[in-house]
Amino acid sequence: MASLAEVKEALQDTLNRDDATEDQLLRWINLGLTRIARFVRLPFMEAFVDVAVDANGKALVPTNMLENIAIYHSGCPGVTLQYTSLSRLMAQRSACGPVRYYTRVGGQYAIAPSNAGGTLSIHYFRDLPLLVTDEDVDPILIVAQDVVVLAALIEAFTVFVDDRLAQFEGMFQARIQELQDYSNRTYAADGPRSLLPLDDMEF
């Protein structure tokens with residue numbers, strides 16, 4: 001299984017410099033992961049969490065959310081809530097009946113009707129977690145270690161002048177597209193599923 005230590009070694013070998021510090025390598029790798037997360041949505045980035053709705057009909061947005069997929073309310077299992085504008089939601093807040101609408105305001109979701117309580121079940125794409133220790137692993141290191149190294153190299157070249165920057169940027173864009181195409185084929189073939197065993201997904 002690929003680890004942070006292996007990625008750092010590959011990055012150092014490709015950089016071929018003796019003046020890059022361990023802290024710099026780690027920073028470039030994590031900046032590279034952030035860069036990758038802006039470009040792709042992969043099955044193993046899916047997460048599912050239940051969040052309590054407070055007395056005001058609001059619930060916290062997961063802090064590691066990149067993009068919402070679907071939201072459900074415990075009062076209507078299996079029914080996807082509809083996103084709506086804040087103005088329309090406010091008009092529905094005091095209505096009777098099951099929860100049907102939601103909107104996002106900053107770091108919170110608001111629902112309507114607002115007196116339902118219960119929980120929101122949020123299905124979403126999560127951010128790629130930052131790596132800290134050499135033993136840290138993440139599915140992205142298993143299926144796309146080359147993409148992580150390329151992204152880190154691009155970040156490193158903001159510090160070091162290197163004529164290979166354009167070459168690595170082109171390689172990164174091509175590999176990112178390959179990765180997203182593979183993900184799209186996975187979803188099209190079988191619906192949402194992980195590139196890894198289900199046990200490796202976060203719930």
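The questions and answers below concern a predicted model of one protein chain and the criteria behind its structural labels.

Q: What makes the labels in this model usable, and how are residues numbered?
A: Residues are numbered from 1 along each chain as its sequence is written, and side-chain values use heavy atoms, with hydrogens and water left out. Since the model is predicted, local features need pLDDT of at least 70 and side-chain atom pairs count only at pLDDT 80 or more, while totals for chains, interfaces and linings use all residues.

Q: How many helices and strands does the chain have, and what counts as one?
A: Helices are DSSP runs of H or I with at least four residues, strands are runs of E with at least two, and both are numbered from the N terminus. By that criterion the chain has six helices and seven strands, and from the N terminus on the elements run α-α-β-β-β-β-α-β-β-β-α-α-α.

Q: How do you know that the length of helix H2 agrees with its number of residues?
A: The expected span of a helix is 1.5 Å times one less than its number of residues. For the 18 residues of H2 (residues 22-39) this gives 26 Å, and the end C-alpha atoms are 26 Å apart, so the two values agree.

Q: Why is Ser-114 called buried or exposed?
A: Buried means under 20% relative accessible area, exposed means over 50%, and partly exposed lies in between, with a 1.4 Å probe and protein chains only. Ser-114 has 16% relative accessibility and therefore counts as buried. This residue is in the loop between S6 and strand S7 (119-126), where, leaving aside residues up to four places away in sequence, Ser-114 touches Ala-55, Asn-56, Gly-57 and Arg-93, a contact being heavy atoms within 4.5 Å.

Q: What makes S2, S6, S5 and S4 one sheet, and in which order do they stand?
A: Two strands pair if DSSP finds at least two bridges between them. Strand S2 (residues 58-60) and S6 meet this with three bridges in the antiparallel sense, S5 and S6 are joined by five bridges and also run antiparallel, and S4 and S5 are joined by two bridges and run parallel. The four strands thus form an open sheet in the order S2-S6-S5-S4, with mixed pairing. S2 and strand S4 (82-83) stand at the edges because each has a single partner strand, so one side of each is left without a neighbour in the sheet.

Q: Which residues stand opposite each other in these pairs?
A: Leu-60 stands opposite Gln-108 in S6, Thr-103 has Ala-110 in S6 as its bridge partner, and Gln-82 is partnered by Tyr-101 in S5. In the hairpin of S5 and S6, which has two residues between the strands, Gly-106 takes a positive phi near 60°.

Q: How do you know that strand S6 is mostly covered?
A: Of the five residues of S6 (residues 108-112), four are buried.

Q: What makes Leu-86, Met-90 and Val-105 a nonpolar patch?
A: Patches are made of residues with over 30% relative accessible area and no salt bridge, like charges being joined within 9 Å and nonpolar side chains (Val, Leu, Ile, Met, Phe, Trp, Tyr) within 5 Å. Val-105, which is found in strand S5 (residues 101-105), has 44% relative accessibility and so counts as partly exposed. Together the three residues have about 280 Å² of accessible area, from the Shrake-Rupley method with a 1.4 Å probe, in which only the protein chains shown count as cover for residues.

Q: Why is the pair of Glu-67 and Arg-41 called a salt bridge?
A: A salt bridge is a side-chain nitrogen of Lys or Arg within 4 Å of a carboxyl oxygen of Asp or Glu, and here the closest N and O atoms are 2.9 Å apart. Glu-67 lies in strand S3 (residues 65-73) and Arg-41 in the loop between H2 and strand S1 (46-52), so the pair ties together parts that are 26 residues apart in sequence. Glu-67 counts as partly exposed because its relative accessibility is 35%, whereas Arg-41 is buried at 19%.

Q: How do you know that Arg-126 is buried or exposed, and what is its salt-bridge partner?
A: Arg-126 forms a salt bridge with Asp-138, the closest N and O atoms being 3.6 Å apart. Relative accessibility is 3% for Arg-126, which therefore counts as buried, and 7% for Asp-138, which is therefore buried as well.
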